[in-house]
Amino acid sequence: MDSKEFRIRGQEMVTYIVDYLENIRERMPMPNVVPGFLKELIPDEAPLEGESWQEIQKDIERVIMPGVTHWNSPHFHAYFPTANSYPAILGDMLSDAISCIGFTWASGPSCTELEVSMMDWLAKILQLPKHFLFSEQGKGGGIIQGTASEATLVALLSARTNVIKTLKADNPDLTTGQILDKLIAYTSEESHSSVERAGLIGLVQMRTLPTDDRGSLRIDILEETIAQDQQKGLIPFFLCATIGTTSTCSFDNLSEIGPICNRHDIWLHVDAAYAGSACICPEFRYLLDGIEHAMSFNFNPHKWLQVTFDCSAMWIKDRDLVSGAFEMNPVYLKHENQGHAMPDYRHWQIPLGRRFRSLKLWFVLRSYGVSGLQKQIRKDIQLAHQFEALVRDDPKFEIVREVTLGLVCFRLKASNEANEMLLKKINDDHRIHLVPSKIKDKFFLRFAVCATSTQPSDVGFAWSVIQELTHSLIQ
Ligand code: PLP
């Protein structure tokens, strides 16, 4: 494809994208295909000669769309949202065109510097403690990681390296293996599976702690566990708290557990993958109370802040502790400006290469402004409360946990099996899509407000589908 043709095909693709998003309501949120469906639709081997764009374009509807899960359908209420907006799509288009790999300042000065500025902009919008900002001339700063899972892993590995270095400095005879055997990390029983996985990858024990009846990790259990583990000769070194858990959107109590972590030199990482976006609204900022105790903090603008995947914002209180843990300096990556005012982000992450992700964040923040983003968050939360009211009005159902943001956890006042059957009916029906969860052996359904285009009528539609299927289940 030459530039002349790209001009035409690019415009056609933009038209296709706009039509797709404007008419997405008409598509079933979940595809009705079986594993292996796509293999039947394309040849077994790549073509030897190139094909015309018309041929390729035709196959988007024939091959791809039948198996697409439409996360941005207003009838998609599973998981958590994945954000989407035209300014973000434009940002990704430009990033793809520039295609710089900004692993050092020198390999992409604008890529690095826009990210530095955007992370400070975001930190200010969230009213994060000043020590997380680059502009404060301290040791803090932010980076865009690909996912919350990577952010947790980077935090855990940094904490692990630093505790090993400190212990070895005090006890030169200790081996890394001996220390690793004694390290213990904590998280709550309701945190995301990626936290436990970080422990697996980092080769450290991860203890999952029980939560209170609101799903919150509290001080008593933490203090008690630390004391018991220390008695056993273990070394507590890392805790991942969650603000907005995946199952029920509950919140660990940072103001309580933060000072305990600080007192015991435990690295506190806060995972607010979904709920962090809501904290741009002053009325929800209280959810981050206690964040000043954290060593690192992360949330996903790609979930609920109009920025397309991937864009996971992570801040670090002392960037030397992260870059010190991962620093490698082969000659081919060195440059004469390293170690000066701007970071070389390669030291803050697992991969070397990185995309120009701050472009889409910049476009989104400028296009909507903080007030536009707040408006969207408030609208989604209102819709969740609309759904909650419908559930509460029906004596056959119960709400499982307090609804704070855009997630409603609910269930039939019946056995787990009955709720599992209801969920299966809903998803087999294909008009809406939900996923379940289970806490303390109670199976329930999750209704998340996902697409930005979701309207009160979509919430009403979802509830009418659920009622109709409940009725047929009871019959
Ligand atoms: N943490 C929480 C609280 C989440 O809800 C999720 C995903 O929904 C994750 C982490 C994992 O997110 P990611 O896909 O960005 O790794």
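Tyr79 sits in the loop between helix H2 (53-64) and helix H3 (86-98). Its backbone stands out a bit in this predicted model: phi of Tyr79 is near 50°, a positive value in a residue that isn't glycine. Most residues other than glycine have a negative phi, and most peptide bonds are trans. A second backbone oddity turns up at the peptide bond from Phe309 to Asp310, which is cis, with omega near 10°. Asp310 also belongs to a loop, this one between helix H10 (301-304) and strand S7 (312-316).

As for how far the coordinates can be trusted, the chain averages a pLDDT of 95, and 100% of the residues score at least 70. The model's overall scores are ipTM 0.98 and pTM 0.95. Where pLDDT is low, the predicted coordinates should not be read in detail.

Next comes the ligand. There are 16 residues around the ligand, and Thr147, Ala148, Ser149, His192 and Ala273 come nearest. Sorted by class, the shell around the ligand holds 10 polar residues, five nonpolar ones and one charged.

Two of those nearest residues, Ala148 and Ser149, reappear in a helix pairing, that of H5 with H7. Helix H5 covers residues 148-170 and helix H7 covers residues 193-201; their axes come within 9 Å and cross at roughly 45°. At that angle, H5 and H7 are therefore oblique to each other. The crossing of this pair is right-handed. On the H5 side the contact is made by Ala148, Ser149, Thr152, Leu153 and Leu156, which meet Ser194, Val195, Arg197, Ala198, Gly199 and Ile201 of H7. By class, that contact of H5 with H7 has six nonpolar, four polar and one charged residues.

Helix H4 (residues 109-125) and helix H12 (residues 358-392) make another pair, with axes that come within 9 Å and a crossing angle of roughly 40°. H4 and H12 are therefore oblique to each other. Here H4 passes H12 in a left-handed crossing. From H4, the residues involved are Leu114, Glu115, Met118, Trp121 and Ile125, while H12 brings in Ser358, Leu359, Leu361, Trp362, Leu365 and Val370. The class count for the contact of H4 with H12 is nine nonpolar, one polar and one charged.

What angle do H8 and H9 make when they pack? Helix H8 (residues 219-231) and helix H9 (residues 254-263) pack at about 20°, with their axes 9 Å apart. Angles under 35 degrees count as roughly parallel, so H8 is roughly parallel to H9. The crossing of H8 and H9 is right-handed. Ile219, Leu222 and Glu223 in H8 meet Glu256, Ile257 and Ile260 in H9. That gives the contact of H8 with H9 four nonpolar and two charged residues, with no polar ones.

Which residues, then, link the ligand's surroundings to the helix packing? Ala148 and Ser149 are among the residues that come nearest to the ligand, and both are also among the H5 residues that meet H7.

How values were computed: Residues numbered from 1 in each chain as written. Predicted model: local features only at pLDDT ≥ 70, side-chain atom pairs only at ≥ 80, totals over all residues. Near = placed C-beta within 6 Å. Nonpolar A, V, L, I, M, F, W, Y, C, P; charged D, E, K, R; others polar. Axes fitted to C-alpha atoms, helices over the stretch in contact; angles between N-to-C directions. Helix = DSSP H or I, 4+ residues; strand = E, 2+ residues; numbered from the N terminus. Parallel < 35°, antiparallel > 145°, perpendicular 65-115°, else oblique. Left-handed = near helix turned anticlockwise from the far one by under 90°. Contact = placed C-beta atoms within 7 Å. pLDDT = per-residue confidence, 0-100.
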